[in-house]
Amino acid sequence: MLVIRKGSPAAEAETCFEAMVRHHVKKSADGGSRNGGTSPPPPSMPLPNFDDDSTEFAWGAREVAAVMMGASDNATVMNRRTKRVFNMWEEHRKAFAEALSRGRPPPPNPLGFINWPDSNRVILHIPTFRAFIASQLTGARHG
């Protein structure tokens, strides 16, 4: 059993994910009465093809999870991957906000997350992420 401490980044990411689920259920056509808001409904729209280089950005945690960890038809697997993206995004967002509040330069962002002003949407710059992964596989340092 996973224990998440209140106030920890994982707890905040979990809260954010639950809010996303509630929002999706609320906006769905049937009102989400079948799943009771405990888990997100299965993906209604197919994910874009991220295998080619024509897409530069992934918008939203579900798309970012598909880019980073691969897409899955299994809703439970995609749910877990989306939660992982929220955890990474929350850590990045907190480090970025702390640096700005202390007047320091923003921390390195090798994964390619984008901080859009006045938005909490998870956005990933796909070429930056792929360059980071390629550098890790070849043993080169990413700068």
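The chain exposes about 9600 Å² of accessible surface, and carbon and sulfur atoms supply 55% of that area. These values come from a predicted model, in which buried residues make up 27% of the 143 residues in the chain. Four helices and three strands are present, and their order along the sequence follows the pattern α-β-α-α-β-β-α. Among contacts with a separation of 6 or more, 47% join residues that lie 24 or more positions apart.

**Helix α2 and the nonpolar core**

- Helix α2, which spans residues 61-69, is mostly covered, with seven of its nine residues buried; these are A61, E63, V64, A65, A66, V67 and M68.
- The partners against which the buried residues of α2 pack are strand β1 (57-59), helix α3, strand β2, strand β3 (123-125) and helix α4 (126-138).
- Just after α2, G70 adopts a positive phi of about 90 degrees.
- The largest nonpolar core comprises 18 residues, and those with the most contacts inside it are V64, M68, V85, F113, V122 and L124.
- Helices α2, α3 and α4 each supply at least two residues of this core, and the largest share, six residues, comes from α2.
- As a general background to such a core, nonpolar side chains tend to be buried together in soluble globular proteins.

**F113 and the aromatic pair with W89**

- The structure holds two aromatic pairs; in one of them, the rings of W89 and F113 have their centres 5.5 Å apart and their planes at 70 degrees, and because an angle over 60 degrees counts as edge-to-face, the pair is given that description.
- This pair links distant parts of the chain, since W89 belongs to helix α3 (residues 75-101) and F113 to strand β2 (residues 113-114), with their positions 24 residues apart in sequence.
- W89 has a relative accessible area of 4% and is therefore buried, the cut-off being under 20%; F113, also at 4% relative accessibility, counts as buried.
- Leaving aside neighbours within four places in sequence, F113 is in contact with V64, M68, M88, W89, H92, V122, I123 and L124, and of these V64, M68, V122 and L124 are named, together with F113, among the residues with the most contacts inside the largest nonpolar core.

**H92 in helix α3**

- H92 has its place in helix α3 and is buried, with a relative accessible area of 11%.
- When neighbours within four places in sequence are left aside, the contacts of H92 are with N109, F113 and N115.

**Salt bridges**

- The count of salt bridges comes to two.
- In one of them, the side chains of E90 and R93 meet at 2.6 Å, N to O, and because these residues are three apart in helix α3, they are separated by about one helical turn.
- The two partners of this bridge fall into separate accessibility classes: E90, at 7% relative accessibility, counts as buried, whereas R93 is partly exposed, with a relative accessible area of 29%.
- A salt bridge also joins the side chains of E98 and R102, at 3.5 Å, N to O; here E98, at 41% relative accessibility, counts as partly exposed, while R102 is exposed, with a relative accessible area of 52%.

**Nonpolar surface patch**

- F57, W59 and W116 form a nonpolar patch on the surface, and together they have about 300 Å² of accessible area.
- Of the patch residues, W116 is found in the loop between β2 and β3, and its relative accessibility of 47% places W116 in the partly exposed class.

**E18 and K83**

- E18 lies in helix α1, which covers residues 9-27, and at 37% relative accessibility E18 counts as partly exposed.
- Although E18 and K83 are 65 residues apart along the chain, their C-alpha atoms are separated by 9.5 Å.

Conventions. Residues are numbered from 1 along each chain as its sequence is written. This is a predicted model: local features need pLDDT of at least 70, side-chain atom pairs count only at pLDDT 80 or more; totals for chains, interfaces and linings use all residues. Side-chain values use heavy atoms; hydrogens and water are left out. Rings of Phe, Tyr and Trp (its six-membered ring) pair if their centres lie within 6.5 Å; planes under 30 degrees apart count as stacked, over 60 as edge-to-face and the rest as tilted. Buried means under 20% relative accessible area, exposed over 50%, partly exposed in between (1.4 Å probe, protein chains only). Contact means heavy atoms within 4.5 Å. Patches are made of residues with over 30% relative accessible area and no salt bridge: like charges are joined within 9 Å, nonpolar side chains (Val, Leu, Ile, Met, Phe, Trp, Tyr) within 5 Å. Accessible areas come from the Shrake-Rupley method with a 1.4 Å probe; for residues, only the protein chains shown count as cover. A salt bridge is a side-chain nitrogen of Lys or Arg within 4 Å of a carboxyl oxygen of Asp or Glu. A nonpolar core is a set of buried Ala, Val, Leu, Ile, Met, Phe, Trp, Tyr and Cys residues joined through side-chain atoms within 4.5 Å.
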